[in-house]
Amino acid sequence: MSDEILKLLLEKLEKVEHKVVNSPAMNGGFDKLLSEVDHIKQSQSEVLESVRGIKQSLYEPDSGLYSRVKGLETESVRRWQFIKEAKPALEFSKELSVWKVRADKDLEEVERLHLEVSKLQDWKDGMQKVIWLLATAAGGLWIKNLADLMMK
């Protein structure tokens with residue numbers, strides 16, 4: 001029985017040897033696996049550096065994306081407050097503009113009326129002189145007629 005066991009053991013040993021010799025893992029497979037693991041480590045390191053760069057560009061206190069967005073939000077709020085404050089002034093400015101147009105028209109009308117009054121005053125002064133001239137002439141004629149009557 002020991003021969004049979006030895007024979008069986010020998011056959012199994014040969015099968016194991018055959019598997020070990022023909023195994024891809026034993027024929028450079030582990031070296032290839034180590035190479036691929038190194039390549040994966042290198043790729044993972046590159047990805048890690050990229051993620052760190054992205055993280056820095058997002059969270060950098062002075063120039064990161066979040067700080068720029070926060071700055072834009074602050075500026076937007078400031079501009080909105082300015083718009084709310086400036087809108088009534090703009091409306092008032094529009095009202096003043098309309099008032100100024102009306103005031104300019106009224107001023108032109110007043111200047112036209114002032115010129116007309118000035119012309120009427122000149123006409124009145126001229127007419128007053130004519131009336132005085134006519135009254136003086138009529139008075140002179142009346143006095144002459146009276147004097148003629150008395151002399152007769």
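Okay, let's start with charge. This protein carries 24 positive and 26 negative side chains, and the centres of those two sets sit 10 Å apart. Keep in mind as we go that what you have in front of you is a predicted model.

Now, the overall layout. How many helices and strands does the protein have? Three helices, zero strands. If you read along the sequence, you get α-α-α. And the protein is more spread out than a compact globule, because its radius of gyration is 60 Å, well over the 15 Å that the globule rule gives for 152 residues. You can put a box around it too: along the principal axes, the C-alpha atoms fill roughly 205 × 25 × 25 Å.

On to the surface. The accessible surface of the protein is about 14600 Å², and carbon and sulfur atoms account for 65% of that. As for burial, buried residues make up 1% of the 152 residues.

Let me zoom in on one spot. Which residues form a nonpolar patch on the surface? That would be Trp123, Met127, Val130, Ile131 and Leu134. Together they have about 520 Å² of accessible area.

Take Met127 out of that group. Met127 lies in helix H3, which covers residues 65-151. So why do we call Met127 partly exposed? Because its relative accessibility is 33%, and partly exposed is the range between under 20%, which is buried, and over 50%, which is exposed.

So, to recap: three helices with zero strands, a C-alpha box of roughly 205 × 25 × 25 Å, and a nonpolar surface patch that includes Met127. That's my bit, thanks.

How values were computed: Residues numbered from 1 in each chain as written. Predicted model: local features only at pLDDT ≥ 70, side-chain atom pairs only at ≥ 80, totals over all residues. Heavy atoms only, no water. Patch = residues over 30% accessible without salt bridge, like charges linked within 9 Å, V, L, I, M, F, W, Y side chains within 5 Å. Areas by Shrake-Rupley, 256 points an atom, 1.4 Å probe, with all protein chains shown as cover. Salt bridge = Lys/Arg side-chain N within 4 Å of Asp/Glu carboxyl O. Helix = DSSP H or I, 4+ residues; strand = E, 2+ residues; numbered from the N terminus. Buried < 20%, exposed > 50% of the residue type's maximum accessible area, 1.4 Å probe, protein only. Rg over C-alpha atoms; globule rule 2.2 N^0.38 Å. Lys, Arg positive; Asp, Glu negative; His and termini not counted. Charge placed at Lys NZ, Arg CZ, Asp CG, Glu CD.
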